[in-house]
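Q: Please go through the terms used for this model one by one, and set each value against its definition.

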Amino acid sequence: MFDYSPDPGLPTPERHRQLHDAVDAVTDGEPDAVANMANAAALIAEFLPDLNWAGFYRVIACDNGTELVLGPFIGRPACIRIAMGQGVCGTAAKDKQTQLVADVHAFPGHIACDGATQSELVVPVVRAGTVIAVIDLDSPLPARFTQDDADGLERIAQLLSSRI
Ligand code: SME
């Protein structure tokens with residue numbers, strides 16, 4: 001059993017350090033990408049408060065290039081396929097850049113999978129210069145995510161780039 005319950009009073013940077021260590025510990029030496037994404041999503045949901053969705057979209061080949069396909073997540077059922085450049089996830093994947101969105105309703109093309117979502121953080125996972133997946137976090141609170149969250153998730157994305 002893995003028990004990584006975070007202290008509720010932790011400052012955000014320390015919370016992210018502990019989250020990173022927990023993701024490192026549970027994915028170390030495990031070659032199965034699905035298992036590693038599933039455990040990472042579960043740990044993110046356990047460590048970071050006020051999320052209604054946390055998970056992965058993977059970059060998969062399709063008829064006209066690549067698209068994002070739903071991967072392991074915690075939350076309500078979500079849209080399965082997202083075109084590159086569409087919504088917050090497709091934008092992060094296409095531009096290879098973290099998207100920190102304080103108000104999803106103000107983001108052109110935002111795809112509403114859960115109507116409760118108010119703010120969103122999407123971080124690309126890059127391997128050898130190519131985006132292979134994105135990590136998507138949604139919150140029912142407006143402006144839930146900070147630069148500390150973006151920095152923390154980018155470190156997790158870097159850690160997972162060779163493990164998923
Ligand atoms: N809101 C995302 C879609 C995925 S769900 O939030 C799980 C987007 O605009 O890309």
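Q: What makes helix 3 stand out in the shell around the ligand?
A: Helix 3 gives the most to that shell, with three residues, where helices (H or I, at least four residues) and strands (E, at least two) are DSSP runs, numbered from the N terminus. The elements that give two or more residues are strand 1 (53-62), helix 3 (87-95) and strand 6 (130-139). This is a predicted model, in which local features need pLDDT of at least 70 and side-chain atom pairs count only at pLDDT 80 or more, while totals for chains, interfaces and linings use all residues. Residues are numbered from 1 along each chain as its sequence is written, and side-chain values use heavy atoms, with hydrogens and water left out.

Q: Which residues are the closest of those that surround the ligand?
A: The closest are Val88, Cys89, Ile111, Glu120 and Asp138, out of 13 residues that surround the ligand; a residue is near a molecule if one of its heavy atoms lies within 4 Å of it.

Q: Why is the pair between Ile111 and the ligand called a polar contact?
A: A polar contact is a pair of N or O atoms within 3.5 Å, and a backbone N or O atom of Ile111 lies 2.7 Å from a nitrogen atom of the ligand, so the pair meets that cut-off. A backbone N or O atom of Cys89 lies 2.8 Å from a ligand oxygen atom, and a polar side-chain atom of His110 lies 3.4 Å from a ligand nitrogen atom.

Q: Why is the protein chain called as compact as a globular protein of its length?
A: The globule rule (2.2 Å times the number of residues to the power 0.38) is set against a radius of gyration taken over C-alpha atoms. The radius is 15 Å, close to the 15 Å that the rule gives for 164 residues, so the description holds.

Definitions and conventions: A polar contact is a pair of N or O atoms within 3.5 Å; within protein, one must be able to donate a hydrogen and the other to accept it, and residues adjacent in sequence count only if both atoms are side-chain atoms.
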